[in-house]
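Me: I would like a close look at a single part of this model. Please keep it brisk.

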2 protein chains.
Amino acid sequence: MKQSLLFIPTLRDMPKDAEISSHKILLKGGYIKQQVAGVYTYLPLAYRIIKKIENIIREELDKIGCSELLMPALQTKDLWVESGRWDAYGKELMRLKDRHDREFCLGPTHEEVITSVVRDYAKSYKKLPLALYQIQTKFRDEFRPRFGLMRGREFIMKDLYTFSTNQEDLDQWYEKIRNAYICIMDRLHLKYRIVNAASGQIGGKSSEEFMVLCDIGEDTIVYSDSSDFASNYELYPLEVGAPSPDGMGTIKHAKGIEVGHIFKLGTKYSEPMSLTFIDVDNSKKPVIMGCYGIGVSRLLMAILEQHNVDLKVLWPKSVAPFAIHILPVDKQGTDGFKLACEIEETLENRKYEVILDDRNESLGVKLNDADLIGCMYRIIIGRKAKDGILELKNMETNEIQELTIDDIKNYQY
Amino acid sequence: MKQSLLFIPTLRDMPKDAEISSHKILLKGGYIKQQVAGVYTYLPLAYRIIKKIENIIREELDKIGCSELLMPALQTKDLWVESGRWDAYGKELMRLKDRHDREFCLGPTHEEVITSVVRDYAKSYKKLPLALYQIQTKFRDEFRPRFGLMRGREFIMKDLYTFSTNQEDLDQWYEKIRNAYICIMDRLHLKYRIVNAASGQIGGKSSEEFMVLCDIGEDTIVYSDSSDFASNYELYPLEVGAPSPDGMGTIKHAKGIEVGHIFKLGTKYSEPMSLTFIDVDNSKKPVIMGCYGIGVSRLLMAILEQHNVDLKVLWPKSVAPFAIHILPVDKQGTDGFKLACEIEETLENRKYEVILDDRNESLGVKLNDADLIGCMYRIIIGRKAKDGILELKNMETNEIQELTIDDIKNYQY
């Protein structure tokens, strides 16, 4: 891929309105562009990463038997009246009327719609359980949108809903999905904690939040370090911001960004909305629901918060926009530049994702921009290229190797 | 994939409100569910196909140097006032206010937003050309939504915009994109025509439509059969619905579904919205734009219209929800059923997309539903399974082979 065609509108100066490093990078690096407060365009660099995050989520959820669908953003008032949320939700719900004066809202979440989709079908225990998810643009009219993608008014979310005949089945799904979330967070190379949480607007009995640790997080996590832990997360039965009980080891405080939230909803929606089924014993019962969210666009920022040092970016391999960045010192038309194109083609044929900085800019400008793009490997085609020697730099280890052209083409990145 | 988990809520009876066969199949086969007129949920079966259509589009556009981004659905009134379309667009534009009483619309198309995104950046000829696209949910408040996904109020579109410094460059992009569209339509196994067209609301000087031939199409295409043609399409310089000029061979009439539309916009948006650049000669000029749409959700219906016979479906391989449908006659827990699961696992490990009908239904019910799902191959695990013999049916040729279990597992589908 030629960098000039990718549309990366970098800013020369540091954006003044951005307070946190991920937000600064997203603006300065040409990842996103604000249209109005809390509403952004995801430019090609950001959108490449988002698609990778989405596919990791899909893979982990499909693996445990979830199915993907796509519900509409437009939701009728009727449905929200059924659940009782039309009045309860308040000003965060974006409302509109169609040409026939019928009232709608733009979905901030989809419990009502999914319940209405499933209730005409799941009339017997034979049709259950079900686990249905979507990755979709959501709308929430935040009073004070801020921190870029952290708290937006239009954002991308994965929302998943389970439908069970009994509590044990819900518990099993909850556990399976919780484990899938752990796999997802680990594949995204995040440091995070799972904490008990209040259920907020969505309701339900039991819920946990996945918190990415980060100085600029909006929530305070109180936790202890008494247990063993095997992953990037530690699990403690503590509430966000709640005082810590005794006897749990050293008490620690951290700030967190909520990127996932899992709920045991129970019958909060199925009862008022008549989502019932006939059980084995011929009795009619409400379906037991769970719901499970991941903030996809917010994850982009959370990963970036943990994967930059002084605004220099190094994306985890699993979501990096490209694996390899080719930086020719010479300009278009030169032998060095032609060599760069040849290497690009070879590596792309080998199925690597490669970006070639084809702009007629100085190496200094190219390197500065490369620090914002954050690929793991850099191939610098400089003065020694005429002798057949190129530089390969691993940005994780900072190791620089001088390699021949054939070595570069055949290297295992 | 187990069919019971996929959520395919088939209907027992033929839906009364559906007039055309693709719409009937989508409803009866559990592909889509209407929320309100013109607003649908894409259920898992439909959404699998839509994702495949999207990826074919992505591959062909990326190949010619286009870059994908994602713009917001929420668009400010200001932008639409700049282009002059806020008043011109009329009731099809869905409008709303945020909590601060600021006016927005839900994007039916994104010329305004993309122009505003590019104009702060493309200030020099050095930054051009650019070709940017997105695949996104659009909103259009149709007076009379109908035919399911054919004319909806919320639908999925691919919209692409090019930015050139001169007319020749626009012409080149137009040609490249037109060829990419031909590749896309061919990969989707569509019979279609490319016709000259009126430009409608979007404006511009020159435009062509990609019309999928179909008895239920809303447009009449008048064309002649005088030329050679090498693909599934024939190109004639005729307007939709216009009388045919003389001397062009036999005149034919056909009905068509518009699935693609390509425009040379020129400066229609760049002039009023001040999208200008400094050219080589230091003069300031408006950027020359093109725009290019594909109706993604409508394509699903168009493909289905051409790929069903008496409501029995056979999806083209490139977009089929699954390659292979495994149908065990015996119920869960039996040896036959276990064998079905074993074959499913083997084929999935071989990277085939497989669906296994694990429901405790009769073979008759399973076969009827399989006719709606429309996979190319069926493996029927019936009475002879205990002797190690299974049936493989190719749904395109109707050929049935009796094969051993090992043959089935190692077959090249």
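Is helix α8 (residues 296–306) of chain A mostly covered or mostly open, and how many of its residues are buried?

Reply: Keep in mind that this is a predicted model. Helix α8 of chain A is mostly covered. Of its 11 residues, 10 are buried. The buried run starts with Val296(A), Ser297(A) and Arg298(A). Leu299(A), Leu300(A), Met301(A) and Ala302(A) are buried too. So are Ile303(A), Leu304(A) and Glu305(A). A residue counts as buried here if 20 or more other C-beta atoms lie within 10 Å of its own.

Now set the helix in its chain. Chain A has 413 residues, and buried ones make up 48% of them. The chain holds 11 helices and 23 strands. Its C-alpha atoms fill a box of roughly 80 × 60 × 45 Å along the principal axes. Take the contacts between residues at least 6 apart in sequence: 70% of them join residues at least 24 apart.

Next comes the partner chain. In chain B, 39 residues are in contact with 38 residues of chain A. Strand β2 (residues 39–42) of chain B gives the most to that side, with 4 residues. The side divides into 25 nonpolar, 6 polar and 8 charged residues.

How do the copies relate? A turn of 180 degrees and a shift of 0.0 Å along the axis lay chain B on chain A, with an RMSD of 0.0 Å. That is the relation of a two-fold axis. Leu96(B) comes closest to this axis among the residues of chain B, at 2.6 Å for its C-alpha. Of the interface residues of chain B, 97% are also interface residues in chain A, so the copies meet through the same surface.

Notes:
Residues are numbered from 1 along each chain as its sequence is written. Chains are lettered from A and ligands numbered from 1 in the order in which they are written. This is a predicted model: local features need pLDDT of at least 70, side-chain atom pairs count only at pLDDT 80 or more; totals for chains, interfaces and linings use all residues. Two residues are in contact if their C-beta atoms, placed from the backbone, lie within 7 Å. Helices (H or I, at least four residues) and strands (E, at least two) are DSSP runs, numbered from the N terminus. Ala, Val, Leu, Ile, Met, Phe, Trp, Tyr, Cys and Pro count as nonpolar, Asp, Glu, Lys and Arg as charged, and the others, Gly among them, as polar. Copies are superposed by least squares on the C-alpha atoms of residues with pLDDT of at least 70 in both. A residue is buried if 20 or more other C-beta atoms lie within 10 Å of its own, exposed if 12 or fewer, and partly exposed in between; C-beta atoms are placed from the backbone.
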